[in-house]
Amino acid sequence: LAVAGCASLVDRHADGAIIFDIGGGSSELIWLDLKNSKMAGRGIARRIRTWASLPVGVVNISERHGGVNVTPSIFEAMVAEVLTLLDDFPEVDALNAMVAKGEVHMLGTSGTVTTLAGVHLGLDHYDRRKVDGIWLSTGDVSLMTQKLLHMSYDERSLNACIGRERADLVLGGCAILEALRRKWPCNR
């Protein structure tokens, strides 16, 4: 469903895409192989080379590490936890090789990425029309993650794109995304 929901956003000129959905208790990862002729077909779902569901999401990682007062060392511990899970991704060596060529992009469907996009745009209130489909560079994502990491819980609570209901969860999501970005560095 994640692939079907964001099919129109996949760059058809790329060799592949890593689609991810960071949930509350799990995170889903899907590798679309767009260049493999054995996987040709009409629908984008036919380009799914492999996928996995990781047993980590914003709620359970924040419960284990804390989400209110997240220091850089706590953030790094969250990232390290997720990185260990990524080593077991199916066909990880083949995906690593494709990413190393530089023609793979990431595509996120979760509240974490929409929050980062809203903060990036400096929205006074969350506006899905402005957030959906936005492309962010790796530098943009790094800047927004650092911005959130250096905000207090109260500052995150007051941000219109985060709010009190996500202020203790957003950095857990950023840590999951950061682990994905470190494992598979994509420019966008």
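**Figure 1. Strands β1 and β2 form a hairpin with 4 residues between them.** The model shown here and in the other views is predicted. Strands β1 and β2 run antiparallel and are joined by 7 bridges. Within this pairing, isoleucine 19 stands opposite isoleucine 30 of β2. Strand β2 covers residues 27–33, and 6 of its 7 residues are buried, which leaves the strand mostly covered.

**Figure 2. The open sheet has 4 strands in the order β3-β2-β1-β4.** Strands of a sheet pair through backbone hydrogen bonds, and the pairing can be parallel or antiparallel. In this sheet the pairing is mixed. The edge strands, each paired on one side only, are β3 (48–54) and β4 (104–108). From one strand to the next the twist averages 15 degrees. On the β3 side, β2 and β3 run antiparallel and share 6 bridges; tryptophan 31 has threonine 50 of β3 as its bridge partner. On the β4 side, β1 (residues 16–22) and β4 run parallel and are joined by 5 bridges. Here isoleucine 18 has methionine 106 of β4 as its bridge partner.

**Figure 3. The largest nonpolar core has 50 residues.** The residues with the most contacts inside this core are Ile18, Phe20, Leu29, Leu86, Phe89, Leu148 and Trp184. Helix α9 gives the core its largest share, 8 residues. Another core, of 12 residues, lies apart from the largest one; among its members are Val3, Cys6, Ile30 and Ile44.

**Figure 4. Surroundings of leucine 29, one of the residues with the most contacts inside the largest core.** With neighbours within four places in sequence left aside, leucine 29 is in contact with Ile19 and Phe20, among others. Its contacts also include Thr50, Trp51, Ala52 and Leu54. Leu86, Phe89, Leu180 and Trp184 are in contact with leucine 29 as well.

**Figure 5. Helices α7 and α9 cross at roughly 145 degrees.** Two packed helices are described by the angle between their axes and by the distance between those axes. The axes of α7 (residues 138–149) and α9 (residues 170–183) come within 11 Å. The crossing of α7 and α9 is left-handed. From α7, the contact is made by Thr138, Val141, Ser142, Thr145, Leu148 and Leu149. From α9, the contact is made by Val170, Leu171, Cys174, Leu177 and Arg181. By class, the residues of this contact are 7 nonpolar, 3 polar and 1 charged. An α-helix has 3.6 residues a turn, so residues three or four places apart point the same way.

**Figure 6. Helix α2 (residues 58–65) and its buried residues.** Val58, Asn60, Ile61 and Ser62 of α2 are buried. The buried residues of α2 pack against strand β1 and against helices α3 (72–86), α5 and α9. Glycine 66 follows α2 and has a positive phi, near 95 degrees.

**Figure 7. Threonine 109 in the loop between β4 and α5.** Threonine 109 has a relative accessibility of 33% and therefore counts as partly exposed, as the range for that class runs from 20% to 50%. The C-alpha atoms of threonine 109 and isoleucine 22 are separated by 7.5 Å, although these residues are 87 residues apart along the chain. Setting aside neighbours within four places in sequence, threonine 109 is in contact with Ala2, Cys6, Ile19, Phe20 and Asp21.

**Figure 8. Serine 110 in the loop between β4 and α5 (111–121).** Serine 110 counts as buried because its relative accessibility is 3%, and buried means under 20%. Setting aside neighbours within four places in sequence, serine 110 is in contact with Asp21 and Ile22.

**Figure 9. Glutamate 91 in the loop between α3 and α4 (92–100).** Most residues other than glycine have a negative phi. Glutamate 91 is not a glycine, yet its phi is positive, about 55 degrees. The residue glutamate 91 is partly exposed, with a relative accessible area of 37%.

Note on methods: Residues numbered from 1 in each chain as written. Predicted model: local features only at pLDDT ≥ 70, side-chain atom pairs only at ≥ 80, totals over all residues. Heavy atoms only, no water. Axes fitted to C-alpha atoms, helices over the stretch in contact; angles between N-to-C directions. Helix = DSSP H or I, 4+ residues; strand = E, 2+ residues; numbered from the N terminus. Left-handed = near helix turned anticlockwise from the far one by under 90°. Contact = heavy atoms within 4.5 Å. Nonpolar A, V, L, I, M, F, W, Y, C, P; charged D, E, K, R; others polar. Pairing = 2+ DSSP bridges. Core = buried A, V, L, I, M, F, W, Y, C linked by side-chain atoms within 4.5 Å. Buried < 20%, exposed > 50% of the residue type's maximum accessible area, 1.4 Å probe, protein only.
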